[in-house]
Amino acid sequence: MRRRSPLKWTRAFEEDGLSTLDKPDTTAEAANAPATDAEIASLVRAEHSDPFRVLGPHIVARGGKRSVAIRTMQPHAASVTVLWGRERQAHVATRAHPDGLYEAIIPAGAKTRALTDAGPTSYLLRITYPDGNAREIHDAYAFPPLLTDFDLHLFSEGTHYENYEKLGAHVREVAGVRGVHFGVWAPNAKRVSVVGNFNDWDGRVNPMRNRGASGIWEIFIPELGDGELYKFEIRSRFNEILTLKADPYGFAAEIRPKSSSVVAAIDGHAWQDSEWVEARAGFDWQHAAISIYEVHFASWRRKENGNWLSYGEMTDALIPYVKQMGYTHIELLPMMEHPLDLSWGYQTIGYFAATSRYGTPKEFMEFVDRCHQEGIGVLLDWTPGHFPRDAHGLSLFDGTHLYEHEDPRRGSHPDWGTLIFNYGRNEVQNFLLSNALFWLEKYHIDGLRVDAVASMLYLDYSRQPGEWLPNQFGGRENLEAIAFLKRMNEVVHAQHPGVLTIAEESTAWPAVTRPTYAGGLGFDLKWNMGWMNDTLRYFALDPIHRKFHHGELTFSMLYAFNENFVLPLSHDEVVHGKRALLAKMPGDDKQKFANLRLLFGYFYAHPGKKLLFMGGEIAQWNEWWQDGSLDWNLLQYRPHQGVQRLVNDLNQLYAREAALHEVEFEWQGFEWLEAHDADASVLAFVRRARKAEDFLIVVCNFTPVAREDYRVAVPEECFYREALNTDSSFYGGDDAGNLGGVRAEPIPWNDRPFSVKLRLPPLSVLFLKPQRA
């Protein structure tokens, strides 16, 4: 075969019938120039920024002829042999440097076809170790880059929404060889290596390819597969800082306190929820009952020995319970990998990794799949507002403040000791956007509850004067974070119709749940923190004092329809000394249970979607504790059984009665009947469906005094049946009530021509439904 210059290799390969992947990387003649002593010294010190310039196959001139030099860095080997060509001819490599750089020269010739065979599958490396063991592998430095220029362009401009398919660790087959492709963003690195058991955690063995201005590094390492432990060893261009980092895009990780990433092929689950996903796209959530059961996976229930339940065990235990209780959705505290149990998942390290505490990624997929098959949606808490400082995480990733702001007045969170993302960087936005889409696409999650939105919106959040920097207009608004949240909502809703985005936002920021085209942030729902704080503060009062705080209940209706609200009785309200819901209630035990039943009745009657943290439904006495289990033994006692039955029946009533869920975000669904009787601490109101004639009357008595012959105005003259009474003995009450219902009388009351005379049980809620002849 005739010799060919590097500039004619493409035509030569076409003539030889060889694929593009069988070509050596000869994009520039300089790549085949002899490696200098300085380059070799830099390589063995693990400082070379372009290891492919030295390692792998290179055309060299030896004795006036072009040959192929194959170099490999094997510092732990006793000897290296290159098995060349289809015949696997053995060529013993010489040690070109005492620290482990080996080189073998393959002479040109028709028999060996050296000039055209120097591709990824043309040879193997036989590596023999001092103990006599040997292995044969393909050379990672014979393989071309897999990321395209278009990939790099999209990532740099922040629009590579499936970037998780490119960066991280992916089991792939290249040129018929199975291995793992690694990619990472580290623009300020001098050198990046993949390290793991496969190379004795030695950063000299597998330095990565630098993809130029994009800041991305990549390498395909043959013969690796699922389950391989790895990290990125990064030498910074600044101060020669050497860091060992977990993969920001890794799909799995070791259980704390270990911190390595784990290669995981997460595709392949046979999803059985196609009907659910298709229906979700057209789901009219605004007019549907949404009752959310908030769950901390590790502490809902534990084994007798105190160990966690696995994903599979939770699938078999939690899903039937949630379905039986009548909830429509489960909201999970963050399931991403995190090093600190005490953070409940909110200090995330592995944004793309389902925590390995309970099993594998595919087992978590099965959990979500089974929820959908049982008609239960799955919401996931997500933390794009901050991340922890752990050395193996995102902080100082490439020796610089890459993901976070450099100035602590912008980049440090004063409340949690965490770091704040730099939303002004396209690549950081891309990381977070692709992460949001990842959970929706790969795990079929039905919605994201975005944590700590208020801390993202304000530059002076929890900061004193002088501790924060204003934006370019001198204001306190974090303009980059606002732009990111808007864009996130736009992209999520465009790519996954029917998926919900929910903001935990505790301030009066306007239009959180209005579309971005109307000036809003674009969320679907917002937690009503004002309602929660006012309501729990009111319920903690001794009933004798409640008449002086009547406005804390009625105030919520002044803003109830400014946003699309969720009413949250969440985990944050039953921890850190705040006491469990039952323990917050005043009075003796009987009154505490009655107050809790009253709270739940009022909760389901008030406009807004519902969220209750686990344990509230069984009237847990103790504060939530993340290292234990709910006190399920309480269900042997009738008062706790009664509260659980009440929550179940309230969920059923909420779902069954359109008046309670169809119009939750507009005034048309609510009407006061009695708002001013502070002395009696009584509220009465109408809840209406979209059909005005479909309504319920709700009457709440917030004192332990039974109100006999209490008159309430009603919309029309008919019989009103008690649809639910929280004082029923079935729920642990005294069965005080109205013997099934009352008939309206033509007695005007509160500017209405009709009214009813009721017996209001103490500390109770009555739901009355009109029964027309």
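**Sheet, helices and cores**

Glu671 has Val686 in strand 28 as its bridge partner. The model is predicted. That bridge belongs to the pairing of strand 27 with strand 28 (residues 682-688), which are joined by 4 bridges and run antiparallel. Both strands sit in an open sheet of 6 strands. Helices, a pair of nonpolar cores and a buried strand complete this briefing.

**The open sheet**

- The strand order is 27-28-29-34-31-32, and the pairing is antiparallel.
- Strand 27 (670-674) and strand 32 (741-743) form the edges, each pairing on one side only.
- Neighbouring strands are turned against each other by 25 degrees on average, with direction ignored.

**Helices on the sheet**

- Helix 15 (residues 589-605) packs on the sheet.
- Helix 15 touches strand 28, strand 29 (695-701) and strand 34 (764-771).
- The direction of helix 15 makes about 45 degrees with that of strand 34.
- Helix 16 (residues 638-656) lies across strand 31 (719-725) and strand 34.
- Helix 16 runs at about 135 degrees to strand 31.

**Nonpolar cores**

- In soluble globular proteins, nonpolar side chains tend to be buried together.
- The largest nonpolar core holds 185 residues.
- Within this core, Phe182 and Tyr293 touch the most other members.
- Helix 15 gives the most to this core, with 10 residues.
- Leaving aside residues up to four places away in sequence, Phe182 touches a set that includes Val194, Met208, Trp217, Ile219, Leu224, Tyr230, Phe232 and Val263.
- The contacts of Phe182 also include Gly168 and Glu218.
- Another core, of 20 residues, lies apart from the largest one. Ile697, Tyr710, Tyr720 and Leu760 are among its members.

**Strand 26, a buried strand**

- Strand 26 (residues 609-613) is mostly covered, with 5 of its 5 residues buried.
- In a regular strand, side chains alternate between the two faces of the sheet.
- Both faces of strand 26 are covered. Lys609, Leu611 and Phe613 are buried on one side. Lys610 and Leu612 are buried on the other.
- Strand 17 (residues 291-295) pairs with strand 26 in the parallel sense, over 4 bridges. Here Glu294 has Phe613 as its bridge partner in strand 26.
- Strand 25 (residues 565-569) also pairs with strand 26 in the parallel sense, over 4 bridges. Here Val566 has Lys609 as its bridge partner in strand 26.

Technical notes: Residues numbered from 1 in each chain as written. Predicted model: local features only at pLDDT ≥ 70, side-chain atom pairs only at ≥ 80, totals over all residues. Heavy atoms only, no water. Pairing = 2+ DSSP bridges. Helix = DSSP H or I, 4+ residues; strand = E, 2+ residues; numbered from the N terminus. Axes fitted to C-alpha atoms, helices over the stretch in contact; angles between N-to-C directions. Contact = heavy atoms within 4.5 Å. Core = buried A, V, L, I, M, F, W, Y, C linked by side-chain atoms within 4.5 Å. Buried < 20%, exposed > 50% of the residue type's maximum accessible area, 1.4 Å probe, protein only.
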